[in-house]
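This briefing covers backbone geometry in a single model. Please keep the sequence and the structure open while reading.

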Amino acid sequence: MNRRARTILTAAAVALSAALAGPAVAAPPTDGHDATRQAVRAAVAGGVPGVTVRVQQGHGAWAATAGVGDLKTGEPRSTRDHYRVASISKTFVATVVLQLEAEGKLSLDDTVEKWLPGLVRGNGHDGRKVTLRQLLNHTSGIFDYLADSGFQRTYMTADGFMKHRFDEAEPEELLAYALANEPYVTPGSSFEYSNTNYLLAARVIEKATGSDYGDEIDRRIIAPLHLTSTSVPTTRVTLPLPSSRAYSKLAETDAGPTYDVTELNARLAYGSGQMVSSSADLNRFYSALLRGRLLPPEQLKKMKTTVESSRETSRYGLGLVDRKLSCGVHVWGHDGGISGSNSDAVTTEDGRHTLAVNFNGDWSGTTRAIIEAEFCGT
C-alpha cells in the first residue's frame, strides 16, 4: 500500500470513528451577533408574534427575523418590513425644528404663543410661558392628549378602536383633549413626557415654513438620505409592502383576545408618532444624524443637551434619548409604540454602530434586551 492510499484509508477511518461517536455538532455562528440573535428568539418565546432587526456596523450590515408576520398564515417576518415607528417620529420632527433654527427662521427660546397665538390656553395651560425648547425636551408641562380618559375610551379600548380606527381628527381636536386637563408641572420645572408637545412642534414647523410638516420632513430628511421606505402618511391606513400584520390586545394586559390592528389612521398621532419606516432606513437616519450630516454642530449639540427623564438609565435631549447600557456604553436614539407595533432605533455617538428593531405586537417583550445583547454582548 503506497503512502497516498494509506493517507486516504486513515482519513476514512477517522471520519467513520467520528460518525460512530455521535451526531455532528454544527459550529456556532461567528458573525458577532449571537447574543442579539438569542435575544430576538427570546422575545418571540416570551410572546411577541414576530421580530425584525437590522444592525449596521461600519460598512457591514446584519439582519435577522424570528416569529411570524401573520398569525393566520404563519408567514415569517421580513428583514425589509415597513412598520409604524410611532414616537421615533419625534426625532425627525425635532431635527426639522433645529434645521429651521440654524436657518434663522425661529429660535428655541421662542414661545409657543409667538407661533401659535392663543392656541395653548385653558386649565392652567399658557403658551406664553412655554418655549419651543421645552416642547422638544418634554419640560413644557403640557398634558399628554393620549392620557386623557376621553381619548382613551374613544381610540384605545377595543370597542373604541374598532369604531374609530380610521378617524381623521384635526390637530386642534387632539389638542382639545390635552387642554381639558391641568398641566403636569410648571413649564421648565421637570420632565413629563407628552405627545402634545410634538403635535405643537409640528404645527410650529408648518407656521414657520408654510408647508405641511410631513412635506418638510420629506424634503429635508427623507429625500436627501434616500430613505425609500420612510414616509409621513396622511390618510393612508395600510402599510407599504413588504410588511407584516400588526397585533394588539387593546387592553392593559397580555391576556384576552388578540386583535389585528394593522389598518389604522396614524394621523391621530399627528407630529408625535405618525411615520412609517424600515429598519434599514432608521439605521441610515440615526447614523447620519449623529455624524452631523443633518444638523450643524451647534444644533446637534443642543439636540444632545439632555435633561433627567422618567427612566433611571436614560436622559432626554431634543427628540433624542441618551441611554446608558449595563456595560457602560451610551446609545442615542428613540423608541416608539403604537397599536400593534413596538419599535426602537439606536446608535453609538459616532454613528458607526446602529440597530433598529420592531415587534409586530404591543403587549409583550422588551426591545431593551435586544439592544443590550447587541452592544454589550449579554
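The notes below treat a predicted model and go through a strand pair, two backbone phi values and one peptide bond.

Most residues other than glycine have a negative phi, and most peptide bonds are trans. The residues listed after the hairpin depart from one or the other of these habits.

**Hairpin of E1 and E2**
- Strand E1 covers residues 50-57 and strand E2 covers residues 60-67; the two pair in the antiparallel sense over eight bridges.
- Within this pairing, Thr52 has Thr65 in E2 as its bridge partner.
- Two residues lie between E1 and E2 in the hairpin.
- Gly58, in the turn, has a positive phi of about 65 degrees.

**Positive phi outside glycine**
- Ala86 is not a glycine, yet its phi is positive, at about 55 degrees.
- Ala86 sits in the loop that runs between strand E3 (82-84) and helix H3 (89-102).
- Ala86 counts as buried because its relative accessibility is 3%, and buried means under 20%.
- Leu250 also has a positive phi, near 50 degrees, and is a residue other than glycine.
- The loop between E6 and strand E7 (259-260) holds Leu250.
- Leu250 has a relative accessible area of 10%, so Leu250 is buried.

**Cis peptide bond**
- The bond from Leu241 to Pro242 is cis, and its omega is near -5 degrees.
- Pro242 is placed in the loop between helix H10 (213-222) and strand E6 (247-248).

Key. Residues numbered from 1 in each chain as written. Predicted model: local features only at pLDDT ≥ 70, side-chain atom pairs only at ≥ 80, totals over all residues. Heavy atoms only, no water. Helix = DSSP H or I, 4+ residues; strand = E, 2+ residues; numbered from the N terminus. Buried < 20%, exposed > 50% of the residue type's maximum accessible area, 1.4 Å probe, protein only. Pairing = 2+ DSSP bridges.
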